Amino acid sequence: MFEYSLGTIRSQIVLKNAKIMNVFSNEWLEQDIAIQYGTIVGVGQYEGEIEIDLSGKYIVPGFIDAHMHIESSMLAPEELSKALLQEGTTTILADPHEIVNVKGKEALEYMLKANANTILDIYTMLPSSVPATELDTNGAGTFMLQDMEAYSKHPDVLGLGEAMRLEDVIYEEPGMMAKFELFKDKPIDGHAPGCAGKKLEAYRFADVLTDHESAAYEEALAKLRAGFFVLLRDGSQAHDLEPIVQGFVKNHIPFDRCAYCTDDKHIADILREGHISACIKKAIQCGVNLFDAYKMATINPAQMYKLKRKGAIAAGYQADLVILNDPETVEIDSVIKNGHRASLKHLKPIDPSTLLDTVTIPAITSESIEIKKKEKNDVIELVPNSLLTKHLQEEVPGMIYFEPDGLYNKLVVVERHGKNGNISAGILKGYGLKNGALASTISHDSHNMIIVGDNDKDILLAAKTLADIHGGYVLVKDHEVKHILPLPIGGLMSMDKASQVAALASSLEHEAHEMGVSETIDPFNALAFLSLPVIPSIRLMDTGLYDVEKQTFID
């Protein structure tokens, strides 16, 4: 290969006359890029068997998502890969803990095979926290050290996924410590919302590398100071990137230990606004230097995760490139993957048939979801554009039992894995749904059925319909099913094309907003996180209402 670098032999492909971003020197250089067998062999003046004139264009390295859950896109990996490539994303770090919570090793096997069946480069971070807690009910039970050992040396497994069981880490629970020991020489992702002070120090001491849960500038800065790599998240509901970036810019905090992630982003949002490309654009709009904005999508995550052949345009690096018309607006002309124009041809998907029947629910009646009215009831309040909630105690409508209205909705969680038939109900403020109900089998991380509505009749109809379609989303309005979005793969992912899923999701989202859901609330994602007991401050699980901060169930 050195002959190609030396220029004594023509390379297969040479890209000519574009301005190339050098992420090491922070320069735009008008040079050629010589490519052989999918690898950049030289940057300078080269001749090729095929020469492509890119006059007036700009070339940057392919974009990397430092942390995402493929399942949250609602697409199978093969279909998602095509959508992401169009947006310039060529590599993702994926944690499949959503579907592993549903179906265990069987689901992990499927994801590894499906991920390898894509043009995208997908690295897997093995789930560290299945289940996320012992407090609710998932489908898979536990995913233990003995389950992990066989996969830890898999070529596509890069490290250990987000350590959501924070207390297990900082108090050295033996099972968690054994997982950390298995991955002691590999990256370990964190998940520490609101963690501060000595607990944060202990969490970092355990060699947790990253954190993507900072919701504000001050929290992100504290984690940066503690030695974490800070992942700036911009998903469907969690829009943490802008406030953090604005704080860093205002206070002249460097971005060299920051990268972007989407965490949980639906396909409709990806097709509408972009993927990592949208993060770059927002960072530039917040005043980030152009080079820093792109480096957080390229060389920074590559160096964090020791992907030594990714993230730059230089000899020896993988020829994953994004050709831009305008770097200021991130206007993409085309994408090159492994030295060739990214192919969006249909890929024959891996068979998901073993993951298609995962919804088994008990009989639900109005009596099983009634909430006795008190002088003041415990209420979950949504925080706009965030995954956080507030714990309120307020007088709510009703005589003997709570009666939902436009201000307060009823929230119901139903165990859907056929384990125990648990049903719980709570009161939700800030969602605003009127004259109907919305039901989902996406509720992180145990993924039980979760339903929100303003009357029992529509809640019960939504639950029954959701079970009939084997998972997904259902919207009921005025006692009639108006929209369904089937997600039969584990109750989380579709078998259809991106455009079809996005259209159905957009229709459902539009209808939910028409029915009163605030524009600051993503109807899907806001609902999906209301059952996750590792994010403050109050959640509803199949086992009951839970105070995250006090770590106690609420009577």
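# Buried contacts and pairings in a predicted model

User: Let me start with Asp320 and Lys310: buried or exposed?

Analyst: Asp320 and Lys310 are both buried. Please note that this is a predicted model.

User: What do the side chains of Asp320 and Lys310 form?

Analyst: They meet in a salt bridge, with an N to O distance of 3.4 Å. Asp320 and Lys310 each lie in the loop between H13 and E14, so the salt bridge ties together parts that are 10 residues apart in sequence.

User: Which residues are in the network of salt bridges with them?

Analyst: The network links Asp121, Lys310, Asp320 and Lys337.

User: How many salt bridges does a search of the whole structure find?

Analyst: The search finds 27 salt bridges. One of them joins Lys223 to Asp211, whose closest N and O atoms are 2.9 Å apart. Lys223 belongs to helix H8 (residues 217-225) and Asp211 to strand E11 (residues 210-211), so this pair ties together parts that are 12 residues apart in sequence. Lys223 and Asp211 are both buried.

User: And Arg233, what does it form with Glu213?

Analyst: The side chains of Arg233 and Glu213 form a salt bridge, at 3.0 Å from N to O. This pair links distant parts of the chain, 20 residues apart: Arg233 is in strand E12 (residues 229-233), whereas Glu213 is in the loop between E11 and H8. Both partners, Arg233 and Glu213, are buried.

User: Why can such side chains pair at all?

Analyst: Side chains that carry opposite charges can pair when their charged atoms come close.

User: Changing topic: how many disulfides does the structure hold?

Analyst: The structure holds zero disulfides.

User: Why is there no bond for Cys195?

Analyst: The closest cysteine sulfur to that of Cys195 is in Cys261, and at 17 Å it is too far for a bond. Cys195 itself counts as buried, with 9% relative accessibility.

User: And which cysteine sulfur is closest to Cys258?

Analyst: It is again the sulfur of Cys261, here 11 Å from the sulfur of Cys258 and also too far for a bond. For comparison, a disulfide would require the two sulfur atoms to be within 2.5 Å. Cys258 counts as buried at 0% relative accessibility.

User: On to the rings. How many aromatic pairs are there?

Analyst: A search of the whole structure gives nine aromatic pairs. Among them is the pair of Phe24 and Tyr317, which is tilted, with 6.2 Å from centre to centre and 55 degrees between the planes. Phe24 is in the loop between strand E1 (11-22) and strand E2 (27-36), and Tyr317 is in the loop between helix H13 (299-304) and strand E14 (321-326), so the pair ties together parts that are 293 residues apart in sequence.

User: Is Phe24 buried, partly exposed or exposed, and what is its relative accessible area?

Analyst: Phe24 is partly exposed, at a relative accessible area of 48%. Its partner Tyr317, by contrast, is buried, at 15%.

User: Which residues do ring pairs link into a cluster?

Analyst: Trp28, Tyr58 and Phe291 are linked into a cluster by ring pairs.

User: What lies over the face of Phe228, and of Phe229?

Analyst: Arg204 lies over the face of Phe228, 5.9 Å from the ring centre. Over the face of Phe229 lies Arg257, at 3.8 Å from the ring centre.

User: Where does His266 lie, and what does it touch?

Analyst: His266 is in the loop between strand E13 (258-261) and helix H10 (267-273). It counts as buried at 4% relative accessibility. Leaving aside residues up to four places away in sequence, His266 touches Ser72, Ser73, Met74, Ser236, Tyr473, Asp522, Phe524 and Asn525.

User: And where is Gly159?

Analyst: Gly159 is placed in strand E9 (residues 157-163). This glycine is buried, with a relative accessible area of 0%. Beyond residues up to four places away in sequence, Gly159 touches Thr124, Met125, Leu126, Phe183, Lys186 and Pro187. Its C-alpha atom is separated by 15 Å from that of Val130, 29 residues apart along the chain.

User: Last point: which residues does the UniProt domain annotation cover?

Analyst: The unreviewed UniProt entry carries the annotation "domain: Amidohydrolase-related" for residues 58-223 and 257-340. In the model, residues 58-223 are 39% helix and 20% strand, with the end C-alpha atoms 34 Å apart. Residues 257-340 are 35% helix and 21% strand, and the end C-alpha atoms are 31 Å apart.

Terms used
Residues are numbered from 1 along each chain as its sequence is written. This is a predicted model: local features need pLDDT of at least 70, side-chain atom pairs count only at pLDDT 80 or more; totals for chains, interfaces and linings use all residues. Side-chain values use heavy atoms; hydrogens and water are left out. Helices (H or I, at least four residues) and strands (E, at least two) are DSSP runs, numbered from the N terminus. Buried means under 20% relative accessible area, exposed over 50%, partly exposed in between (1.4 Å probe, protein chains only). Contact means heavy atoms within 4.5 Å. UniProt positions are given in the numbering used here, feature names are shortened, and annotations may be inferred rather than shown by experiment. Rings of Phe, Tyr and Trp (its six-membered ring) pair if their centres lie within 6.5 Å; planes under 30 degrees apart count as stacked, over 60 as edge-to-face and the rest as tilted. A charge sits over a ring if NZ of Lys or CZ of Arg is within 6 Å of the ring centre and within 35 degrees of the ring normal. A salt bridge is a side-chain nitrogen of Lys or Arg within 4 Å of a carboxyl oxygen of Asp or Glu.
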